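Hi,

Here is the structure I said I would pass on. Have a look at it first, and my notes follow underneath.

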Amino acid sequence: MSVLYRRNIPIAIVFVTVLFFLWDFFVTVPGINTKSASTILTNWGTILTAFTLGFGAVNLFMLHGKHISRRTKGQWPFSLWMLIIIALFTVVGVSTGATSSQYSWLYNSSYFALSATVYSSLGFYMTSGIYRALRAKNIESGLLLIVGIIALARNAPALVAAFPIIVPWEAWISAVPTTSAQRGIMIGAALGTLALGLRTMIGRETGFLGKLTEAERG
Amino acid sequence: MFVTGRIFALGMLVAVWIFILGGMELAKRTMPTFRKLAGLDAIPEMVGRAAETGKPVHFTTGLGELHTNMASQLIAGLSVLSYVSELCAKDGVKIIYTVYQSQVMPIATELMKAAYTSAGKAEEFDADDQVRYLSGEQFAYAAAVQGIAERERPAANIMIGPFYAESMLFAETFYRIGSIQLAGTARGYQIPFFAVVCDYLLIAEEIYAASAYLSKDPILAGSLRGQDVAKLLALVLMIIGVILTALGSSVLNNLLKM
């Protein structure tokens, strides 16, 4: 029973689903519309995802409820604030609808602004990362330093005006070594995905099922 | 019958699968050798350091979702999560897995529980505290992870999965608090960020090889050999394509459009 429940049924579901989607992608049979079936399957995924949001909400309330009741130092005020915000969004969303002007105002003037702020802070993180990375410690980092300086200079209009030669240099670096390396990585990743997909389909890749015993692994 | 424009792709898919299955069969007779993946070899050291300092290990699979084309990266990350959880359980180190997509929560909880059970420490696993759902919004999730980093100061940070703009936010924040970091992603745009900040890096296909590398299962390892043969085939096709195109022939181009 354990092997059936923990290994065989999940793998059978994966196997059938993958075959169905492969069929849908590669084969077309006149008179049979598999598109609607694949859309239904995709919708099931979306519904399951929406259902699992409940797990997420329960987890948030359990964890942060504990912090509040234990008055965890440096944490509990944030936990309390977060639960208040969840309650506020839920009340406004349920009572006025997720497309109402009230809910949109709440979302745009809180989350949207904060999200843009966090995204903008990326510039500072990148600067500090680059500051450490652009040091010629060995041949590789030396090359990175040279290429980095060329790319930075190409994006500085004053430097482009002073040294127009950096435009074709940067274009060549982007079009030849960078693109070829990216494509190599892409091909490797695609083949890796295929191998992982096949291993999962035939039940050899069981990492996502958790730690199986020898008997369960088969 | 077959969709026009996808016949060659189907042929290639079948060929690659045959190579992989062949590699698995061969591996039953001779175990393939692996090249060293420093990032995966460093995991016990990372967990050991966390045990020495009494700090937790943080793990994230990024913005992976199960019903998009990023699912394979998420699955690869979960395989490593299982391994790291067992190591942490054995060494008495707390592992915190932060969740972006709620659909991953039940899977991760089961997986980590099984890892703790396998290590004989089932009673030490606290799902509410160790599998934390943060948010399904990218920057809310990023900010929450940064908050955990600042407050709980994990000794190690492992990031395997699909990452977007938050990659640098994570890598830099954990660098600042002194965490030892392993990052792996198949998203080309984020690899350079991880490469310059993190201590160890898994590039693209290496994350898919992680479960085979860590388990030392000969059949899984054999699939990697098949994958390498497929890579050779891709290389040969590219060279033939370059030569044919240089000679003015469009045979291969037409074949690809079949």
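Let me start with chain B: among its contacts with a separation of 6 or more, 72% are between residues 24 or more positions apart. Before you go further, bear in mind that this is a predicted model.

Some basics on the same chain. Chain B is built from 12 helices and six strands, and 51% of its 258 residues are buried. If you want a box for it, the C-alpha atoms of chain B fill roughly 65 × 45 × 35 Å along the principal axes.

Helix 4 of chain B (residues 71–91) is worth a click. Of its 21 residues, 18 are buried, so helix 4 of chain B is largely enclosed by the rest of the structure. From first C-alpha to last, this helix reaches 30 Å, close to the 30 Å expected at 1.5 Å a residue. Just past its end sits B:G92, with a positive phi of about 70°.

Chain A has a helix you can set beside that one. Helix 3 of chain A (residues 76–96) has 21 residues and should span 30 Å at 1.5 Å a residue; its end C-alpha atoms are 30 Å apart, which agrees. After helix 3 of chain A comes A:G97, where phi is positive too, near 95°.

Now for the interface. On the chain B side, 61 residues are in contact with 50 residues of chain A. The biggest contributor to that side of chain B is helix 11 (residues 218–246), which gives nine residues. By type, the side of chain B that touches chain A splits into 38 nonpolar, 12 polar and 11 charged residues.

One helix pair between the chains caught my eye. How are helix 4 of chain A and helix 8 of chain B arranged where they pack? Helix 4 of chain A (residues 101–133) and helix 8 of chain B (residues 166–176) pack at an angle of about 55°, with axes 9 Å apart. The two helices are therefore oblique to each other, and their crossing is left-handed. On the chain A helix the contact is made by A:L122, A:Y125, A:M126, A:S128 and A:G129, and on the chain B helix by B:M168, B:L169 and B:E172. Sorted by type, the residues of this contact are five nonpolar, two polar and one charged. As for the spacing along the sequence, an α-helix has 3.6 residues a turn, so residues three or four places apart point the same way.

Cheers

Methods:
Residues numbered from 1 in each chain as written. Chains lettered and ligands numbered in written order. Predicted model: local features only at pLDDT ≥ 70, side-chain atom pairs only at ≥ 80, totals over all residues. Axes fitted to C-alpha atoms, helices over the stretch in contact; angles between N-to-C directions. Helix = DSSP H or I, 4+ residues; strand = E, 2+ residues; numbered from the N terminus. Parallel < 35°, antiparallel > 145°, perpendicular 65-115°, else oblique. Left-handed = near helix turned anticlockwise from the far one by under 90°. Contact = placed C-beta atoms within 7 Å. Nonpolar A, V, L, I, M, F, W, Y, C, P; charged D, E, K, R; others polar. Buried ≥ 20, exposed ≤ 12 C-beta atoms within 10 Å, placed from the backbone. Expected span 1.5 Å × (residues − 1).
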